[in-house]
Amino acid sequence: MVSRSPDERREDGEEADAYLRGWRAINTLMRRGHSWSGHERNVAHLNLGDGTFVDVSHVAGLDQELDGRALATLDFDRDGDTDLLLTGRQGPRVWLFENTAADPKDRGRGRVGFFLRGTASNREAVGARLELRCRGEEGVLTRSVHAGQGFLAQSSRWIRIAAPASEIESVEVVWPGGEREAFSVPDADGRWVLEEGRGVPRPHAPRGTPPELRAAPEETTRSGPVVLAAPVPMPSLELRTPDAGGAEGSVLRIFGLKPGGKGTGTGRPVVLNLWSADCAPCLRELRAFAAEADRLRDENVAFLALCVDEDAERARTALDGVGWPFAWALAPPEALDRLDAIHAALFNTEERLALPTSFLVDPSGMIRAIQRGPMEPEELLRSLDLAYLSPAQQLQRALPVPDRGWWVQLPDLGPGFLRGAFARRGLLDAETEASRMDLVVESRSPAEILQSFGRDHAARGDFEAAVSAMRQALDKDPDFVPARFDLGLLLQRMGRPHDAIGAYLGVLERAPGHSQARFNLALAYLETRQFKSARRELSELEERGSPLAAELEGVIESVERAEAQEGGTGGD
């Protein structure tokens with residue numbers, strides 16, 4: 001049960017104020033790491049048909065510890081049985097559970113599916129009721145068509161019946177308007193459409209084949225670096241670098257905030273890794289990085305292991321034990337407080353930084369990504385290109401599903417964001433440093449201004465005007481990659497894949513490492529049936545170790561299968 005919110009404010013304001021205080025308390029608890037559902041596991045019960053149920057949560061694989069929000073049913077693989085989609089509050093946000101109870105050789109046999117379509121009533125037949133009678137069974141099997149199911153969710157409108165057509169005795173539909181209509185019984189298993197007023201079921205032939213499903217890895221909740229939607233400047237950090245004898249040593253000052261919302265960098269990417277000699281996962285991570293020292297040096301990345309302990313000699317002993325070949329320092333409380341304040345503001349949490357945590361800082365001193373928890377060397381190597389991305393590319397990598405970035409409202413991570421983050425922690429010196437960023441307002445180039453106009457047009461749905469603005473931006477600066485990339489997205493969105501190919505090729509000519517442009521180019525090649533060209537771009541992504549390669553390979557295989565079924569020649 002959920003308590004009811006007050007309908008209107010009382011004169012003394014007591015009821016409404018208490019309600020708002022309750023919500024504030026709940027939000028505070030969530031920011032402190034508490035679970036909305038108390039870390040309860042999901043539960044699934046099997047109806048035994050005799051008025052009783054049995055708990056099958058574990059054996060069915062449905063007992064995840066998730067803050068679940070909605071459960072929707074569908075037949076994803078079109079084998080006639082019911083698969084499940086589960087949404088939750090934390091990642092992964094969507095889980096697909098494939099029903100594998102039946103023998104794969106019996107795919108689709110012994111099952112019937114019905115899809116109701118209205119004519120006099122609403123086309124989706126929402127509110128209609130299907131009634132079936134089966135031979136040897138008492139009573140009527142009733143199924144209804146719903147418009148929604150659960151929180152922001154809707155199940156498939158296909159009605160699945162776990163019985164062969166040969167056992168169905170009668171089929172009737174009560175349409176939303178109240179009219180009852182009898183249909184002839186389907187003469188075979190499979191999928192059938194019941195259209196209002198026809199009285200005869202029509203077979204449904206789906207196009208193509210469903211994609212193959214791969215089982216999710218056991219450790220599905222572990223994630224890679226969290227890519228920021230927009231870079232955040234790293235404030236100045238004052239660190240201690242002990243001497244060989246473990247004495248106080250010298251002070252190392254790095255990074256800093258500059259007027260205009262910029263950072264002060266080192267001229268190369270830096271990975272700040274927070275660790276402790278008492279943290280076993282930290283030491284395993286440092287040992288793994290040390291084993292790949294040569295590869296990491298080849299990538300021109302600087303490592304700085306920041307120990308949160310006060311005992312310098314103990315930290316040195318731990319680093320010697322893992323063979324640490326890079327720089328290290330001690331992070332005093334003041335430096336940790338600054339990093340912790342940024343982390344808390346970015347993730348809307350009151351929890352303190354966990355160990356290990358890594359910050360990827362680009363050559364100009366801007367935070368591009370944060371890794372919460374251990375990270376494998378390969379994962380880091382794949383993420384280093386983040387240090388060189390344009391704002392549009394950075395946004396694409398931050399999106400859960402790469403799409404058209406200009407429809408996403410970018411958060412304001414400028415001076416006001418940092419001032420607030422430091423003020424909430426009482427870090428006066430850091431807040432003063434952040435205030436200095438307001439002293440200069442950086443001007444934008446004509447190409448950047450025209451690109452901004454183009455994105456505004458696109459957000460309003462005026463794609464022709466958006467294309468025109470992007471072309472004007474490129475007239476001002478032909479090497480302005482973000483506008484050229486946006487032009488490709490627009491043309492692809494407008495159904496002009498041939499023109500989009502030219503735009504993406506222009507991007508890759510100027511920025512060969514632009515993985516998203518290469519991925520989109522391959523999609524445009526597929527649209528124009530240039531399959532060999534699409535596979536060529538796939539090979540490039542694989543050679544560069546891009547995480548988009550696996551996704552592109554799946555898309556290409558799916559399109560090629562559909563092409564083969566339709567008797568295509570395979571394009572180029």
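# A walk through the predicted model

Gly-454 is buried, with a relative accessible area of 0%. The model is predicted, so keep that in mind while reading. Gly-454 sits in helix α10, which covers residues 446-459. What does Gly-454 touch, leaving aside residues up to four places away in sequence? The answer is Ala-466, Ala-469 and Met-470. Another residue to look up is Arg-471, 17 residues from Gly-454 along the chain. The C-alpha atoms of these two residues are 9.2 Å apart.

Helix α10 also leads us to a core. The largest nonpolar core has 39 residues. Which residues have the most contacts inside it? They are Leu-487, Leu-490, Tyr-504 and Leu-552. The elements giving two or more residues to this core are α10, α11 (463-476), α12 (481-493), α13 (497-510), α14 (515-527), α15 (531-543) and α16 (548-565). A second core, of 35 residues, lies apart from this one. Among its members are Leu-228, Leu-274, Ile-367 and Phe-417. Such cores fit a general trend: in soluble globular proteins, nonpolar side chains tend to be buried together.

Go back to Tyr-504 for a moment. Leaving out residues up to four places away in sequence, Tyr-504 touches Phe-485, Gly-488, Leu-489 and Gln-492. Tyr-504 also touches Ala-517, Asn-520 and Leu-521.

Phe-417, from the second core, takes us to helix α8. This helix spans residues 415-424. Which of its residues are buried? Pro-415, Phe-417, Leu-418, Gly-420, Ala-421 and Phe-422 are. Look at how those numbers are spaced. An α-helix has 3.6 residues a turn, so residues three or four places apart point the same way. The buried residues of α8 pack against two strands, β14 (226-233) and β17 (257-258). They also pack against two helices, α5 (333-347) and α9 (428-435). After α8 comes Gly-426, whose phi is positive, near 70 degrees.

Now turn to the strands. Strand β6 covers residues 112-117. Is β6 mostly covered or mostly open? It is mostly covered, with five of its six residues buried. In a regular strand the side chains alternate between the two faces of the sheet. Strand β6 has strand partners too. Three bridges join β6 to β9 (residues 159-161), and these two strands run antiparallel. Within that pairing, Val-112 has Ile-161 as its bridge partner. Six bridges join β6 to β12 (residues 190-195), and here the strands run parallel. In this pairing, Gly-113 is the bridge partner of Arg-191.

Not every nonpolar residue is hidden. Leu-46, Leu-48 and Val-54 form a nonpolar patch on the surface. Together they have about 240 Å² of accessible area. Val-54 belongs to strand β2 (residues 53-55). Its relative accessibility is 33%, so Val-54 counts as partly exposed.

Charged residues come next. Side chains of opposite charge can pair when their charged atoms come close. How many salt bridges does a search of the whole structure find? The search finds 24. One of them joins Glu-350 and Arg-31, with the closest N and O atoms 3.7 Å apart. This pair links distant parts of the chain, 319 residues apart. Glu-350 is in the loop between α5 and β22 (357-361), while Arg-31 is in helix α1 (residues 14-31). Glu-350 has a relative accessible area of 35%, so it is partly exposed. Arg-31 is partly exposed too, at 25%.

Another salt bridge joins Arg-314 to Asp-278. Their closest N and O atoms are 2.5 Å apart. Where do the two residues lie? Arg-314 is in helix α4 (residues 312-322), and Asp-278 is in the loop between β19 (270-275) and α2 (280-291). The two are 36 residues apart, and they too link distant parts of the chain. Arg-314 is partly exposed because its relative accessibility is 39%. Asp-278 counts as exposed because its value is 57%.

Some salt bridges share partners. In this way Arg-129, Glu-131, Glu-172 and Arg-180 are joined into one network. Within it, the side chains of Glu-172 and Arg-180 meet at 2.7 Å, N to O. Glu-172 is partly exposed at 26% relative accessibility. Arg-180 is also partly exposed, with a relative accessible area of 48%.

Technical notes:
Residues numbered from 1 in each chain as written. Predicted model: local features only at pLDDT ≥ 70, side-chain atom pairs only at ≥ 80, totals over all residues. Heavy atoms only, no water. Helix = DSSP H or I, 4+ residues; strand = E, 2+ residues; numbered from the N terminus. Buried < 20%, exposed > 50% of the residue type's maximum accessible area, 1.4 Å probe, protein only. Contact = heavy atoms within 4.5 Å. Patch = residues over 30% accessible without salt bridge, like charges linked within 9 Å, V, L, I, M, F, W, Y side chains within 5 Å. Areas by Shrake-Rupley, 256 points an atom, 1.4 Å probe, with all protein chains shown as cover. Salt bridge = Lys/Arg side-chain N within 4 Å of Asp/Glu carboxyl O. Core = buried A, V, L, I, M, F, W, Y, C linked by side-chain atoms within 4.5 Å. Pairing = 2+ DSSP bridges.
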